Amino acid sequence: MPARLAHVAALGLALALCAGCGGGARTDVRSVSERFLLALGEHDGAAACATLSEQARTQLEDDEGKPCADAVTGLGVQASSVGRVQVYMINAKADLADGDSLFLSDGQDGWRLDAVGCKPQGGKPADEPYDCALEA
Amino acid sequence: MRNHGLGLFFGAIFLLAMIGQAIVGHADFNHLQVAHHGDPVGFWRYVTSSDFGADVLENWQSEYLQFTLYILTTVWLVQRGSPESKPLDSAGRESDEDQKVGAFADERSPRWARAGGLRTRIYSNSLVTVMGLIWLASWGVQAVAGRVAYNANQLDHQQAALTFVQYVGSSDFWNRTLQNWQSEFLAVGSMAVLSIYLRQRGSPESKPVGVPHDATGIEG
């Protein structure tokens with residue numbers, strides 16, 4: 001019985017430690033976010049769209065009635081720098097120096113942006129969704 | 001093997017249930033992913049995720065709390081007629097003679113029961129100490145893993161993540177915790193009371209079939 005309890009405790013500890021994993025993922029999230037912002041700064045719509053998730057691209061094209069590469073530069077998102085990055089499992093948020101945030105998810109193509117130009121709404125930010133210029 | 005049937009049986013069905021939970025949990029997670037237009041994740045990624053970890057640990061912690069409380073409360077609380085209870089006049093930690101410690105230990109007693117002093121005090125409480133530590137550890141891991149899973153869902157809905165302190169004060173953490181606690185407390189309480197009147201022939205968890213309802217502390 002003690003051996004079994006030890007195995008149970010070890011597995012629990014391993015799960016707890018793994019919950020804190022994500023150093024590599026944070027680097028990837030930062031890199032994708034910076035690629036998006038750099039593309040916006042250079043008015044390179046095609047490169048910016050390559051960092052969006054398929055769902056976000058489709059949403060943008062449906063909203064604006066034009067190709068993603070033409071629409072993305074008109075979202076009003078400023079080319080700022082990436083500050084704090086948070087990663088939880090397959091979802092992430094990158095906070096920008098200008099106060100906006102980007103939301104990303106990890107799929108078969110790697111980390112891609114689901115929502116950009118997001119600002120916290122009034123009240124407790126954990127209760128209300130951010131107000132985003134584009135969200136999938 | 002015959003002498004270890006109880007441990008082996010429960011070890012085996014634990015593993016089978018765990019594998020089953022991993023398989024259906026993975027399917028359920030991916031079902032939700034597809035419903036939210038996300039990509040499915042692989043099996044290994046799921047079983048090492050905080051989503052799976054929180055689901056497993058919230059149940060473990062409540063089981064260990066149940067046994068920790070049961071070990072402790074049955075020292076002082078009795079239940080007339082229940083085989084789960086000590087005799088009504090034995091409530092408390094009992095004498096050294098009853099417990100065969102120190103000078104009253106015999107040659108087959110565990111070494112730390114014979115040793116006296118601090119070692120005997122530690123050994124006298126070792127079961128509840130270890131069960132209690134496992135409960136606290138698994139509850140702590142539930143909080144860590146539960147926060148990660150909760151925050152993943154928050155970010156998926158473009159909402160802010162919670163700090164650890166915010167999470168352990170959140171409705172999600174206490175809903176996960178209390179839904180497990182209440183079921184454990186109900187099961188233990190009903191076992192203590194139902195076993196006054198009902199019997200299972202041959203089980204040490206029951207009184208012998210012919211023993212009267214008011215006989216306390218007798219196991220079959």
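This tour goes through a predicted model, starting with whole chains and then stopping at single residues.

**Chain B as a whole**

Begin by selecting chain B and colouring it by secondary structure, which brings up nine helices and zero strands. If you follow the chain along its sequence, the pattern reads α-α-α-α-α-α-α-α-α. The radius of gyration of chain B is 23 Å, well over the 17 Å that the globule rule gives for 220 residues, so chain B is more spread out than a compact globule. Turn the view along the principal axes, and the C-alpha atoms of chain B fill a box of roughly 65 × 45 × 35 Å.

Next, switch on a surface for chain B, which exposes about 13,200 Å², with 63% of that area supplied by carbon and sulfur atoms. Of the 220 residues in chain B, 37% are buried. If you then colour by charge, you will find 16 positive and 20 negative side chains in chain B, and the centres of these two sets lie 9 Å apart. Among the contacts in chain B with a separation of 6 or more, 50% join residues that are 24 or more positions apart.

**Ser82(B)**

Now select Ser82(B), which sits in the loop between helix H3 (50-76) and helix H4 (96-99) of chain B. Is Ser82(B) buried or exposed? Its relative accessibility is 0%, and because buried means under 20%, Ser82(B) counts as buried. Show the side chain and look towards Glu84(B), whose backbone nitrogen the side chain of Ser82(B) reaches at 3.1 Å. Then display the residues that Ser82(B) contacts beyond its neighbours within four places in sequence: they are Ala192(B), Ser195(B), Ile196(B), Ala215(B), Thr216(B) and Gly217(B).

**Glu94(B) and Lys100(B)**

Stay in the loop between H3 and H4 of chain B and select Glu94(B), which also has its place there. With a relative accessibility of 33%, Glu94(B) counts as partly exposed. Most residues other than glycine have a negative phi. Glu94(B), although it is not a glycine, has a positive phi of about 65 degrees.

From there, move along to Lys100(B), in the loop between H4 and helix H5 (111-115) of chain B. What is the value of phi for Lys100(B)? Phi of Lys100(B) is near 55 degrees, which is again a positive value in a residue other than glycine. Lys100(B) counts as partly exposed, at a relative accessibility of 45%.

**Trp112(B)**

Select Trp112(B) next, and you will be looking at a residue of helix H5 in chain B. At 33% relative accessibility, Trp112(B) counts as partly exposed. Leaving out neighbours within four places in sequence, Trp112(B) is in contact with Arg119(B), Thr120(B), Ile122(B) and Tyr123(B). You can also draw a distance from the C-alpha atom of Trp112(B) to that of Gly102(B), ten residues apart along the chain, and it should read 8.9 Å.

**Tyr167(B)**

For the last stop in chain B, select Tyr167(B), which belongs to helix H8 (residues 164-168). Tyr167(B) is buried, with a relative accessible area of 0%. Which residues is Tyr167(B) in contact with, leaving aside its neighbours within four places in sequence? The list consists of Ala143(B), Gly146(B), Arg147(B), Tyr150(B), Leu162(B), Asp172(B), Phe173(B) and Arg176(B). One of these, Gly146(B), is 21 residues from Tyr167(B) along the chain, and the C-alpha atoms of the two are separated by 8.4 Å.

**Chain A and Thr51(A)**

Finally, hide chain B and show chain A, whose secondary structure comes to five helices and five strands. Along the sequence these follow the pattern α-α-α-α-α-β-β-β-β-β. Buried residues make up 45% of the 136 residues in chain A, while the surface that chain A exposes is about 6,700 Å², of which carbon and sulfur atoms supply 50%.

Select Thr51(A), in the loop between helix H3 (45-50) and helix H4 (54-64) of chain A. Thr51(A) counts as buried, at 1% relative accessibility. A polar atom of the Thr51(A) side chain lies 2.6 Å from the backbone oxygen of Ala48(A). Not counting residues up to four places away in sequence, Thr51(A) touches Val32(A), Arg35(A), Phe36(A), Arg112(A) and Leu113(A).

Key
Residues numbered from 1 in each chain as written. Chains lettered and ligands numbered in written order. Predicted model: local features only at pLDDT ≥ 70, side-chain atom pairs only at ≥ 80, totals over all residues. Heavy atoms only, no water. Helix = DSSP H or I, 4+ residues; strand = E, 2+ residues; numbered from the N terminus. Rg over C-alpha atoms; globule rule 2.2 N^0.38 Å. Buried < 20%, exposed > 50% of the residue type's maximum accessible area, 1.4 Å probe, protein only. Contact = heavy atoms within 4.5 Å. Areas by Shrake-Rupley, 256 points an atom, 1.4 Å probe, with all protein chains shown as cover. Lys, Arg positive; Asp, Glu negative; His and termini not counted. Charge placed at Lys NZ, Arg CZ, Asp CG, Glu CD. Polar contact = N/O pair within 3.5 Å; in protein donor to acceptor, adjacent residues only side chain to side chain.
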